[in-house]
Amino acid sequence: TTNLNKQYTFDNFVVGNSNNFAHAACMAVADGYFHTYNPLFIYGGVGLGKTHLMHAVGNRLLEKFPKLRVLYISSENFTNEMISALKSKKMDEFREKYRKVDVLLFDDVQFLAGKQRSTEEFFYTFNSLYDSQKQIILTSDKTPAEIPEMEERLTTRFAWGLIADIQPPSVEEKTAILMKRAELMNIDLNEKVALFIAENLKSDNVRELIGALIRLSAYSSFNGEPITIELAKKTLDRFLIKKDKIITFDTILKVVTEYFNVKLSELKSKKRTKSIAYPRQIAMYLMREKLNCSLSEIGEIFGGRDHSTVLHSINSIEKKLKKDKELQETIKILEKSLYN
Ligand code: ADP
Ligand code: MG
């Protein structure tokens, strides 16, 4: 018997820039590379697919090795089980249960923080499994070092193996996730509508993204209406970013030139000084993200640059965005002014 959710498979998981590293790490463990990435520590915000990936590893492993002892537990349930084991004086059983597994999937480890007794129990479990070369996968909403009040002897251990992050999905990834989920649920969803939801939903949380789809689909079947952008606007109103004006090339140029205090003529020129080139790259990035336009259309706006130059600029912003907090803030501010 296993407590894995069979729906959470690799097949149902949409891979993109935001999660490909964590996905690859999970695939490696699922392929049986136990000692290489141990423990595997996956971190990322709420609803970004950590639990899903973890179960996917377990499901894949059990397909291949049905006898393997794979155990999934959230840190909260671990704590609850421990408390009742303490009460009923069954600590030996409790310890035995966790120390005899081959693969331990330990979800949301950040909730152990500040809980002394369960932290301690987990510490011994961890050591016992690690010493006998059993695989441990952990998830958290933060990196080991960032978890407040987490004991250092644990956080250092969490970093012994591989740490992989999951970032919020891009609009393209959100669209792909919606399309995939619609297919799984037999919902007739047009790609245009999916893109509309992906672009306009306030939240980056995939669970909420899927929630929006379910809501829309329910509304559509209750009222016998097809799923259209109009219906999405109506049913998802509260969840959508308000777009009072339609974004165009010009609004993006206006917002970027104002924010960076550069002249439009300079932005469109061939000048390559950083103070001009950087806002230019950001404007290109925003056009690509918001307007669903081609690279050469963007190139044309910027004095006939070719599409590979544009692509290079956009890629460099995308890459920076993953790490650069300041740029993330800048983009947020620019997006706000675009929508207001
Ligand atoms: P987390 O554990 O990070 O909070 P979950 O794994 O519970 O997030 O994911 C929330 C929901 O979103 C689940 O229904 C999951 O199947 C779905 N989900 C998240 N990421 C993806 C993805 N990349 N592809 C498909 N479904 C996803
Ligand atoms: Mg989770």
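Buried here means under 20% relative accessible area, exposed over 50%, and partly exposed in between, with a 1.4 Å probe and protein chains only. By that yardstick asparagine 205 is buried, because its relative accessible area is 12%. The model is a predicted one, so local features need pLDDT of at least 70 and side-chain atom pairs count only at pLDDT 80 or more, while totals for chains, interfaces and linings use all residues. Residues are numbered from 1 along each chain as its sequence is written, chains are lettered from A and ligands numbered from 1 in the order in which they are written, and side-chain values use heavy atoms, with hydrogens and water left out.

On to the overall picture. The protein chain has 16 helices and five strands, taken as DSSP runs (H or I, at least four residues, for helices; E, at least two, for strands) numbered from the N terminus. Its C-alpha atoms fill a box of roughly 75 × 55 × 35 Å along the principal axes. Of the 340 residues in the protein chain, 48% are buried. With contact taken as heavy atoms within 4.5 Å, residues 24 or more positions apart supply 72% of the contacts with a separation of 6 or more.

The domain assignment splits the protein chain into domain 1 (20–166), domain 2 (173–239) and domain 3 (249–339); such bounds come from an automatic or database assignment. The centres of domain 2 and domain 3, taken over C-alpha atoms, sit 29 Å apart.

Next, the cores. A nonpolar core is a set of buried Ala, Val, Leu, Ile, Met, Phe, Trp, Tyr and Cys residues joined through side-chain atoms within 4.5 Å. The largest one has 51 residues, and Leu40, Val57, Leu105, Ile137, Leu178, Leu189 and Ile197 touch the most other members. Domain 1 and domain 2 both contribute residues, so this core lies between them. A second, separate core holds 29 residues, among them Met284, Val310, Ile314 and Ile331. Back in the largest core, leucine 178 contacts Leu189, Ala194, Ile197, Ala198, Leu209 and Leu213, leaving aside neighbours within four places in sequence.

Helix α13 (residues 274–291) and helix α15 (residues 307–323) pack at about 90 degrees, with axes 8 Å apart. That makes α13 roughly perpendicular to α15, a label for angles of 65 to 115 degrees (under 35 is roughly parallel, over 145 roughly antiparallel, the rest oblique). The axes are lines fitted to C-alpha atoms over the stretch in contact, with angles running from 0 to 180 degrees between N-to-C directions. On the α13 side the contact includes Tyr278, Met284 and Arg288, and on the α15 side it includes Val310, Ile314 and Lys320.

A few single residues round things off. Leucine 61, in helix α2 (residues 50–64), is buried at a relative accessible area of 0%. Not counting residues up to four places away in sequence, leucine 61 touches Val29, Ala30, Gly32, Phe34, Leu68 and Val103. Glutamine 110 sits in the loop between β3 (103–107) and α5 (116–131) and counts as buried at 10% relative accessibility. Beyond its neighbours within four places in sequence, glutamine 110 contacts Thr139, Ser140, Asp141, Ile147 and Met150. As for asparagine 205, its place is the loop between α8 (191–200) and α9 (206–223), where it touches Val46 and Gly47, residues up to four places away in sequence not counted.
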